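This report describes selected features of one protein chain, with attention to burial, charge pairing and helix packing. The sequence and the structure are shown first.

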Amino acid sequence: MIGLDRLLRQLSGFWAALNAAQRVALTSIVLITSGSLALLISVANRPDYATLFSGLEPTDAAKVVDELEGREVPYKLSHAGTVIQVPIESVYDLRLDLATQGLPGGGPVGFEVFEESGLGSTPFQERVRFRRALEGELSRTISQLDPVNWTRVHINLPDRRVFQRDRNKPTASVVVSLRPGETLSGSEVKGIGHLVAGAVDGLSVDQVTLLDTQGRLLARAGSGEEDDMLAADALDLQRSLERRLVSRAQSLLDAALGPQAAVVTVSATIDRRRIEENADRVNPDETAVISEQVSEETRSEPGSLTTGGVAGAAANVPGGAAGNATGGGSAEESVTRSTTNFEVSRSRSRTLIPMGGIERLSIAVLVDGKWDKPVAAEGEELPADAAPVYQPRSAEELTQIGEIVKRAVGFNEPRGDVIEVQNLPFHSPLDDVASAGPLPLWERPELFMLLPGLARTGAILIGIYLLVFLVIRPALKQLTLANIVASTSAAGGVPGESGEEAVRRVVSEAERLREQLSNENPRLVADAMRQLLRE
């Protein structure tokens with residue numbers, strides 16, 4: 001308390017010794033210093049902003065801004081209001097909170113359009129709302145694919161008429177916006193077509209048109225299943241086959257030679273035709289009884305008086321032997337019919353040869369040499385850090401490596417497959433880094449990560465330095481010098497001296513002060529001289 005009272009008395013005495021101009025100057029210095037420090041502190045404590053949402057529609061951006069203002073969260077708008085930035089520590093919490101409220105609510109409208117249904121809706125309005133909801137749901141589903149940024153789906157559902165025999169089929173058009181550097185594979189294009197066709201009643205895959213924002217036609221309406229297979233999946237099938245063969249051969253070489261000692265590439269030519277064969281074969285040497293039918297018929301007729309005898313010429317000539325006369329009787333007749341059905345051996349086969357048969361393989365193998373320790377000459381001793389010496393591989397080793405690769409990929413020479421094995425020294429980018437030595441400090445990547453914080457800290461320190469040494473310190477020295485001059489003038493004054501003598505005395509005193517302070521600050525001496533001349 002004693003020290004505080006002494007400090008207060010000193011400050012009070014210092015303030016009482018100042019004149020009006022000095023008090024105004026001192027007050028201005030204090031205000032400027034306080035404002036500058038407050039500005040520096042505010043800049044130092046200003047939060048770093050990160051993107052909360054980007055690519056927003058104006059209506060969605062307005063809703064998000066209203067919500068942020070209600071929460072009193074600072075934000076920034078950029079890119080014509082389509083990007084909203086908030087303090088980086090609040091980004092993820094705000095995204096989760098706004099997502100629970102359905103913000104941003106942009107994008108296609110799904111089946112939630114039926115949550116508020118009016119009583120006066122006409123059948124036409126209901127059909128339009130259903131089609132709109134179906135398009136929105138399909139757009140949301142397709143947008144979940146990794147390469148897709150956003151999607152628009154248009155569905156044409158023809159009206160059903162009672163007396164119309166031939167009904168028009170539904171059609172659909174899909175526009176996809178892909179992310180930078182992404183493409184849709186053949187299977188993904190085909191999957192989108194099946195997804196849309198499966199969601200719309202009566203829609204077939206060949207009635208779906210798929211287009212990207214670059215204007216490229218990915219799938220067209222009217223193309224059949226076979227055309228889609230040939231156009232969309234041929235390249236994917238070829239790449240998949242090449243990757244599988246390379247993986248087989250590379251795993252064997254890595255196990256035999258070590259990792260990164262050999263590189264294998266395979267170029268496959270596949271058959272892009274899809275062949276279907278139907279064959280019926282008949283073997284006449286093999287028969288089988290299919291059915292057998294036997295029918296027997298017996299007929300009888302009543303007889304009359306006849307002359308019987310041996311048939312022949314004697315009984316028929318005049319004067320010949322007459323036959324014996326017989327009385328009445330009956331005649332019977334039996335008929336037997338047999339029908340047998342045979343069938344020859346018959347076989348029917350259906351052969352489907354899918355696309356993707358290997359027509360030809362081209363294999364290239366690049367093998368690194370061996371790095372052995374150098375051999376010292378007789379009577380010499382190698383240093384401990386002697387560099388290894390590169391040794392190329394022998395022809396026998398290259399032949400063995402080629403045989404390993406052939407077995408791994410299923411090499412077939414009659415088919416036209418070719419293989420080439422070469423031995424070359426590998427060049428690694430790490431070799432250049434090791435030879436170049438460590439990076440200098442100004443080229444290290446971690447320095448660029450620290451630059452924003454260092455720049456902000458340096459700006460604050462420079463501001464404080466300039467404020468202290470260019471504003472506060474000169475002002476305080478000027479006030480102190482003015483007090484010294486005023487006290488010297490009051491103590492050394494002679495009663496009754498004329499104005500000319502007072503001026504001489506002040507000038508001489510100023511000369512003495514100038515010599516005393518010339519080594520410290522010439523500018524301060526000049527200011528003090530001007531102050532003395534004014535008084």
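In which helix does Glu-242 lie? Glu-242 belongs to helix H7, which covers residues 225-257. The model is a predicted one, and the values below are computed from it.

**A buried acidic residue**

Glu-242 is buried, yet it has no salt bridge. The nearest side chain of opposite charge is that of Arg-239, 6.5 Å away. A salt bridge requires a side-chain nitrogen of Lys or Arg within 4 Å of a carboxyl oxygen of Asp or Glu, so the distance of 6.5 Å to Arg-239 does not qualify. When neighbours within four places in sequence are left aside, Glu-242 is in contact with Val-266, Ser-267 and Ala-268.

**The chain as a whole**

The protein chain has 12 helices and 16 strands. Of its 535 residues, 21% are buried. Among contacts between residues at least 6 apart in sequence, 67% join residues at least 24 apart.

**Helix H4 and its cover**

Which residues of helix H4 (residues 91-100) are buried? They are Val-91, Leu-94 and Leu-98. Viewed down the helix axis, the buried residues of H4 fall within an arc of 65°, so they line one face of the helix. In general, an α-helix has 3.6 residues a turn, so residues three or four places apart point the same way. The other side of H4 carries the exposed residues Tyr-92, Asp-93, Leu-96, Ala-99 and Thr-100. The cover over the buried residues of H4 includes strand E1 (49-53), helix H3 (58-71) and strand E3 (83-87). Following H4 comes Gly-102, which has a positive phi near 75°.

**Salt bridges**

How many salt bridges does the structure hold? There are 11 salt bridges. The table lists three of them with their N to O distances.

| Acidic residue | Basic residue | Distance (N to O) |
|---|---|---|
| Glu-67 | Arg-71 | 3.0 Å |
| Asp-212 | Arg-216 | 2.7 Å |
| Asp-280 | Arg-348 | 2.9 Å |

Asp-280 lies in strand E9 (residues 275-302) and Arg-348 in strand E12 (residues 330-353), so this pair ties together parts that are 68 residues apart in sequence. Arg-348 counts as exposed, with a relative accessibility of 70%. Salt bridges that share partners also join Glu-67, Arg-71 and Asp-97 into one network.

Within that network, Arg-71 and Glu-67 are four residues apart in helix H3, and about one helical turn separates them. Both members of the pair are partly exposed: Arg-71 has a relative accessibility of 32%, and Glu-67 has a relative accessible area of 23%.

In the pair formed by Asp-212 and Arg-216, the acidic residue Asp-212 is buried at 3% relative accessible area, whereas Arg-216 is partly exposed at 45%. Asp-212 is thus a buried acidic residue that forms a salt bridge, while Glu-242 is buried without one.

**Aromatic rings**

How many aromatic pairs does the structure hold? The count is zero. A charge does sit over a ring, however: Lys-406 lies over the face of Phe-411, at 4.9 Å from the ring centre.

Definitions and conventions
Residues are numbered from 1 along each chain as its sequence is written. This is a predicted model: local features need pLDDT of at least 70, side-chain atom pairs count only at pLDDT 80 or more; totals for chains, interfaces and linings use all residues. Side-chain values use heavy atoms; hydrogens and water are left out. Helices (H or I, at least four residues) and strands (E, at least two) are DSSP runs, numbered from the N terminus. Buried means under 20% relative accessible area, exposed over 50%, partly exposed in between (1.4 Å probe, protein chains only). Lys and Arg count as positive and Asp and Glu as negative; His and the chain ends are not counted. Contact means heavy atoms within 4.5 Å. The arc is that of the directions from the helix axis to the C-beta atoms. Rings of Phe, Tyr and Trp (its six-membered ring) pair if their centres lie within 6.5 Å; planes under 30 degrees apart count as stacked, over 60 as edge-to-face and the rest as tilted. A charge sits over a ring if NZ of Lys or CZ of Arg is within 6 Å of the ring centre and within 35 degrees of the ring normal.
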